[in-house]
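Please load the model in your viewer and keep the selection panel at hand. The stops below can be followed in order, each beginning with what to select.

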Amino acid sequence: MTPSDVKATLSFSDGSPSIELPLYKGSIGPDVIDIRKLYGQTGKFTYDPGFLSTASCNSTITYIDGDKGELLYRGYPIEQLAEQCDFLEVCHLLIYGDLPDAEKRGNFVKTITNHTMVNEQMQFFLRGFRRDAHPMAVMTGLVGALSAFYHDSTDVQNPRHREIAAHRLIAKMPTLVAMAYKYGIGQPYIYPKNSLSYSANFMRMMFATPCEEYEPNDVLVRAIDRIFILHADHEQNASTSTVRLCGSSGTNPFAAIAAGVACLWGPAHGGANEAALSMLEDIQRNGGVEKIGEFIKQVKDKNSTVKLMGFGHRVYKNYDPRAKLMRETCHEVLGALGLGNDPLFKLAMALEKIALEDEYFVARKLYPNVDFYSGIVQRALGIPVSLFTAIFALARTVGWIAQLNEMIGDPEYKIGRPRQLYAGAARRDVKPLAQR
Ligand code: CMC
């Protein structure tokens, strides 16, 4: 961290002495005020539920500028990564800090490929679930269960162990997601085929059966690969912060990632693409394009709770750079599948056009986010809506493990232990039962 020449002074209106707080400069982005000694010096905590103004760590992995609509992984713009790299190159970048050269790329692909199978016992573990269990319930269990199968990579203080756990997680997530899908529809599991690329192998594990081979289509494989790249990391979001906090106790890395999966499941986080698609289907059922005007009216009505799902973002207040790339992919996939006239896609395009011109959305800086298009793309690829969040978890796993390993490798790291503003009863005495 680079100290700034500027200091912050905190003064109090009750005459308590003011204190000076150091500031640190990020390489880009806002400076931070270091409040670590605040409690020791003043006996006061800061109050920031939801972390609206709090940097919970220092990190070198991902940078977001919400006003500019900029997303960088290790300094590289997401647009360049999405257009020039594949997902495994991006995984290398996130884990090791730089893009691989041809030799490193080859070695990394080989290493990941060597870990794609899961312990055969996992199948029996999976059988304990109901067939209709939500894939995210299954994934939370399966990822947590990895901790019981891979004991040889769980010494979090050992950098080599952390590296092996990262390789295993990146390699096994597609296998586990495909297994959760196959189990739900009652089809046999398809083992990984290591001659295929990471994303083609995933598509095959999803859609091949023992009686029918799946021929990977380049456009569709590229589309799922792009979905993985765009969701690979997003700095200190809720699930990543969950992984960091969980991992800060020194717990098993697979268990910490399972905590991330559990957090991502919530509709305010990973579940939005599912919601965006359901919204489009609802409008379609109720009259389609003709009914957009009526729907937008409801969205704008202060007394209604209807939202235009897939629009707006807490951080991106200009545009979500991932949305632009996903929109491109959406056109490519629907073109390749001859679905350009798909009514849901036409509806989405009409809705987008109207919303982008409407004063309500313009004034509030509400632009389409990545989820507006990713649901349409996944549906076109044949992925069921209930699996969308599990695909997100597959992609985000590399971000989670990179962030976890960064934290544990940081000499300044401590177990996470937030404090609170206590607002409950003051000390009181327990009365005997008869007097309560
Ligand atoms: N439809 C209609 N109005 C909206 C929407 C929307 N999608 N989003 C925000 N608004 C309005 C909101 O009602 C408020 O209006 P007013 O000022 O009149 O009260 C104003 O815009 C500001 O909204 P906010 O709720 O203060 O904004 P926020 O930053 O807290 O919310 C959000 C961000 C993503 C939760 C919200 O935009 C939303 O619910 N969008 C729909 C759900 C969605 O698509 N989520 C996916 C986000 S991308 C996923 C990821 O990056 O992981």
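A polar contact, as the term is used on this tour, is a pair of N or O atoms within 3.5 Å. The model is a predicted one, and side-chain atom pairs count only at pLDDT 80 or more.

**Stop 1: the ligand and its polar contacts**

Select the ligand together with Arg-314, where a polar side-chain atom lies 3.2 Å from an oxygen atom of the ligand. Add Arg-322 to the selection, and you will find an N or O atom of its side chain 2.9 Å from an oxygen atom of the ligand. Then add Tyr-360, which brings a polar side-chain atom to 3.1 Å from a nitrogen atom of the ligand. Taken on its own, the ligand has 950 Å² of accessible area, and the protein covers 70% of that.

Now widen the view to the shell of 19 residues around the ligand, and colour Lys-302, Leu-308, Gly-310, Phe-311 and His-313, which come nearest. How many residues of the shell are nonpolar, polar and charged? The shell divides into 7 nonpolar, 5 polar and 7 charged residues.

**Stop 2: the second largest cavity**

Keep His-313 selected, since it also belongs to the lining of the second largest cavity, and add Gly-312, Tyr-316, Asn-318, Tyr-319 and Asp-320 from that lining. The remaining lining residues to select are Lys-365, Tyr-367, Pro-368 and Asn-369. The space inside this second largest cavity comes to about 40 Å³, and its lining has, by class, 4 nonpolar, 4 polar and 2 charged residues.

**Stop 3: the largest cavity**

The structure holds 2 cavities of 30 Å³ or more, and the largest of them has a volume of about 80 Å³. To see what surrounds the largest cavity, select Met-117, Val-118, Asn-119, Glu-120 and Gln-123, then Thr-175 and Met-179, and finally Tyr-189, Ile-190, Tyr-191 and Pro-192. This lining divides into 7 nonpolar residues, 3 polar ones and 1 charged one.

**Stop 4: the second largest pocket**

Move next to the second largest pocket, which has a volume of about 260 Å³. It is lined by 20 residues, and the ones to centre the view on are Asp-86, Leu-88, Ser-197, Tyr-198 and Ser-199, the closest to its centre. Show as ribbons helix H3 (87-96), helix H4 (102-113), helix H7 (159-185), helix H8 (198-207) and helix H9 (218-230), each of which supplies at least two residues of the lining. Which helix gives the most to the lining of this pocket? It is H4, with 4 residues. By class, the lining of the second largest pocket has 9 nonpolar, 6 polar and 5 charged residues.

**Stop 5: the sheet S1-S2-S3**

Turn now to an open sheet of 3 strands in the order S1-S2-S3, with antiparallel pairing. Its edge strands are strand S1 (2-10) and strand S3 (32-33), each of which pairs on one side only. Select S1 with S2, and follow the 6 bridges over which they pair in the antiparallel sense; Thr-2 has Lys-25 in S2 as its bridge partner. Then select strand S2 (residues 19-25) with S3, which pair in the antiparallel sense over 2 bridges, and look at Leu-23, whose bridge partner in S3 is Ile-33. Between S2 and S3 the hairpin has 6 residues, and in it Gly-29 takes a positive phi near 90°.

**Stop 6: the sheet S4-S5-S6**

The last selection is another open sheet of 3 strands, in the order S4-S5-S6 and with antiparallel pairing. Strand S4 (62-65) and strand S6 (76-77) stand at the edges and have a single partner strand each, so one side of each is left without a neighbour in the sheet. Finish by selecting strand S5 (residues 70-73) with S6, to which it is joined by 2 bridges, the strands running antiparallel, and zoom in on Leu-72, which stands opposite Pro-77 in S6.

How values were computed. Residues are numbered from 1 along each chain as its sequence is written. Side-chain values use heavy atoms; hydrogens and water are left out. Two strands pair if DSSP finds at least two bridges between them. A residue is near a molecule or strand if one of its heavy atoms lies within 4 Å of it. A polar contact is a pair of N or O atoms within 3.5 Å; within protein, one must be able to donate a hydrogen and the other to accept it, and residues adjacent in sequence count only if both atoms are side-chain atoms. Accessible areas come from the Shrake-Rupley method with a 1.4 Å probe; for residues, only the protein chains shown count as cover. Ala, Val, Leu, Ile, Met, Phe, Trp, Tyr, Cys and Pro count as nonpolar, Asp, Glu, Lys and Arg as charged, and the others, Gly among them, as polar. On a 1 Å grid over the protein atoms alone, a cavity is a set of points where a 1.4 Å probe fits but cannot get out, and a pocket is an open set with protein on both sides within 12 Å along at least five of seven lines; lining residues have an atom within 4 Å of a point. Grid points are joined across faces, edges and corners, and a volume is the space filled by probe spheres set on the points.
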